Amino acid sequence: GFMMYMVFRCDFNSTDPKDIKFTNSYYYNKMEVNRFDSDVGKYVGYTEYGVKNAEYWNNDQAFLSQIRAQKETYCQHNIGNWYSNI
């Protein structure tokens, strides 16, 4: 079975950066423990363990900057490919 997994998701209406939302969710035992949302701009914890992780990650500015950049590097880069397949 699985214990921990991550889900990277891009929600978008167009290729315009303001219409793109990037989320990065961490799950443990089928329960979401952490989520980064590009609209919020930081990690949020949903369990005691998740709150500790979120606090740690949010205090690491280099890591947080890297995750914030995923909206452009991961989502915007791939949206053209996803649109072309529709």
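The exercises below work through the fold, one helix, the salt bridges, the disulfide and one loop of this predicted model.

Residues are numbered from 1 along each chain as its sequence is written. Because the model is predicted, local features need pLDDT of at least 70 and side-chain atom pairs count only at pLDDT 80 or more, while totals for chains, interfaces and linings use all residues, and side-chain values use heavy atoms, with hydrogens and water left out.

**Exercise 1. Describe the overall make-up of the protein chain.**

Start with the elements: the protein chain has 3 helices and 4 strands, where helices (H or I, at least four residues) and strands (E, at least two) are DSSP runs numbered from the N terminus. Read from the N terminus on, these elements follow the order β-β-β-β-α-α-α. Next take the dimensions, for which the C-alpha atoms fill a box of roughly 40 × 35 × 15 Å along the principal axes. Then turn to burial: of the 86 residues, 34% count as buried, a term that means under 20% relative accessible area, with exposed meaning over 50% and partly exposed lying in between (1.4 Å probe, protein chains only). Finally, the accessible surface comes to about 5700 Å², of which 52% belongs to carbon and sulfur atoms; such areas come from the Shrake-Rupley method with a 1.4 Å probe, and for residues only the protein chains shown count as cover.

**Exercise 2. Check the length of helix α1, and work out how its buried residues are arranged and what covers them.**

Begin with the length. Helix α1 covers residues 48-59, and at 1.5 Å a residue its 12 residues should span 16 Å, which agrees with the 17 Å between its end C-alpha atoms; the expected span is 1.5 Å times one less than the number of residues.

Now list the buried residues of α1, which are Gly50, Asn53, Ala54, Trp57 and Asn58. Seen down the axis of α1, these fall within an arc of 125°, so they line one face of the helix, the arc being that of the directions from the helix axis to the C-beta atoms. The pattern follows a general rule: an α-helix has 3.6 residues a turn, so residues three or four places apart point the same way. On the face turned away from the buried side of α1 are the exposed residues Glu48, Tyr49, Lys52, Glu55, Tyr56 and Asn59.

The cover over the buried residues of α1 includes β2 (20-28), β3 (31-37), β4 (42-45) and α2 (61-68). Asn58 serves as an example, since at 16% relative accessibility this residue counts as buried, and, leaving aside neighbours within four places in sequence, Asn58 is in contact (heavy atoms within 4.5 Å) with Lys42, Tyr43 and Leu64.

**Exercise 3. Compare the surroundings of three salt bridges.**

The whole structure holds 5 salt bridges, each defined as a side-chain nitrogen of Lys or Arg within 4 Å of a carboxyl oxygen of Asp or Glu. Take first the pair within α1: Lys52 and Glu48 have their closest N and O atoms 3.9 Å apart, and, being 4 residues apart in the helix, they are separated by about one helical turn. Lys52 is exposed at 55% relative accessibility, and Glu48 is exposed at 63%.

Next, Glu32 pairs with Arg35 at 2.8 Å between the closest N and O atoms; here Glu32 is buried at 16%, whereas Arg35 is partly exposed at 27%. In the remaining example, Asp11 pairs with Arg9 at 3.4 Å, with Asp11 partly exposed at 33% and Arg9 partly exposed at 37%.

**Exercise 4. Locate the disulfide and state its handedness.**

The structure holds 1 disulfide, a pair of cysteine sulfur atoms within 2.5 Å. Cys10 and Cys75 form this bond, with their sulfur atoms 2.0 Å apart. The pair links distant parts of the chain, for Cys10 is in strand β1 (residues 4-12) and Cys75 in helix α3 (residues 70-84), 65 residues apart. The torsion about the S-S bond of Cys10 and Cys75 is about -85°, so the disulfide is left-handed. Both Cys10 and Cys75 are buried.

**Exercise 5. Identify residues with positive phi in the loop between β2 and β3.**

As background, most residues other than glycine have a negative phi. In the loop between β2 and β3, Asn29 has a phi near 50° and is partly exposed at 44% relative accessibility. Lys30 lies in the loop between β2 and β3 as well, with a phi near 65°, and is exposed at 65%.
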